[in-house]
Amino acid sequence: MNQPVATVPANTPFDAPAGSWTLALLPDTQSYITDCPAAFLRQTEWIAAHRESHNIRFVLHEGDITETNSPAEWELAQQAMNHLTKAGIPFGISLGNHDYTPATRQTLVNNYFRSFPHCESFGTWQPGRHENHWQTITTPTGRYLIVALEFAPRDEVLDWANTVVAQHPDHRVIVATHAYLYWDGTRFDYAARGDTQEYSPTTYIPAEHGTGNDAEGVWQKFASQHPNIEFVFSGHILGGGAAHLVSPGKGGRQVHQIVTNFQKGVIPDRGYGGGGYLRLMQFLPDGKTVQVRTYSPWYDQWLLEPEHHFTLQSGPAVNA
């Protein structure tokens, strides 16, 4: 059942200590594109308005930006993300299955997002194509490398990502790929679990478009292989739309794998295509503690259940 909607973006206090900074995560917006574009616009409008008060240093979209990869939908997405560009906030996007023509790797994203401004440095796997890209930022808790990967990343993409991370040993690393963690807190692993995991990424794109990896492949070939990878963020799944897995990577680094999704079909139904909820990752000045918060600027409401409101330890900065 729909709740009362806030008529204007709220002035939301920052509930973190001085010296903290925020990474904002935008979960799947496909249902906002079709059902309530105003909720998507409100999300980015709120982020832009709270850039300084919440010290928002980066925004990361977890994929399924659109529903059908159509020009009209990408234009709406571009309009929403332009709030961030105008506010001077760097952002990245990880493409989901709905951002491609079905059963292919054809996408219109490059017609609408030709560059990602305001980051310190930027690179892509293929020139002029942004399905796989990296960016760097400097924050109060160190330098970060953000790597955004395509849906069901191909082996050659993971090889590229390994090289990029190896070239940034003094950066803490955040990874985004749309389909990674399942709703029960396990990684997508088609070889071991088959069709018992719905919406497995390896079942969407035929082999002639390049061998795609599910989460277990991404983990074994890339995310577990570097001592400075700290986070893997994803969306895609339904169920309750939220889960958190911690696994030891190279050198014993604890890698936090977090899925967030509020789109139509997630339980409970929050209305208006998902209720406009977004994730706020608040990095505290000790360089270790991260407060995970879930907020809707559409309703001006927080989710306080344990899966939406918790604190984690991400480990010390690399080579600090």
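The protein carries 20 positive and 31 negative charges, and the mean positions of the two sets lie 7 Å apart. These positions come from a predicted model. The surface that the protein exposes amounts to about 11,800 Å², of which carbon and sulfur atoms supply 53%.

The overall dimensions come next. Taken along the principal axes, the C-alpha atoms fill a box of roughly 45 × 45 × 35 Å. The radius of gyration is 18 Å, which agrees with a compact globule, because a globule of 320 residues would have a value near 20 Å. Within this outline the protein has 7 helices and 14 strands. Of its 320 residues, 60% count as buried. Contacts often span long stretches of the chain: among those between residues at least 6 apart in sequence, 70% join residues at least 24 apart.

Part of the buried interior can be described as nonpolar cores. The largest nonpolar core holds 67 residues. Ile-47, Val-59, Ile-93, Phe-113, Val-147, Leu-149 and Phe-222 are the members that touch the most other members. Apart from this core lies another one, of 19 residues, which includes Leu-60, Ile-137, Val-290 and Val-292.

Val-147 serves as an example from the larger set. Leaving out residues up to four places away in sequence, Val-147 touches His-133 and Trp-134 on the N-terminal side, and Trp-160, Ala-161 and Val-165 further along the chain. The remaining contacts of Val-147 are with Val-173, Ile-174, Val-175 and Ala-176, a run of consecutive residues.

Note on methods. Residues numbered from 1 in each chain as written. Predicted model: local features only at pLDDT ≥ 70, side-chain atom pairs only at ≥ 80, totals over all residues. Heavy atoms only, no water. Core = buried A, V, L, I, M, F, W, Y, C linked by side-chain atoms within 4.5 Å. Buried < 20%, exposed > 50% of the residue type's maximum accessible area, 1.4 Å probe, protein only. Contact = heavy atoms within 4.5 Å. Helix = DSSP H or I, 4+ residues; strand = E, 2+ residues; numbered from the N terminus. Rg over C-alpha atoms; globule rule 2.2 N^0.38 Å. Areas by Shrake-Rupley, 256 points an atom, 1.4 Å probe, with all protein chains shown as cover. Lys, Arg positive; Asp, Glu negative; His and termini not counted. Charge placed at Lys NZ, Arg CZ, Asp CG, Glu CD.
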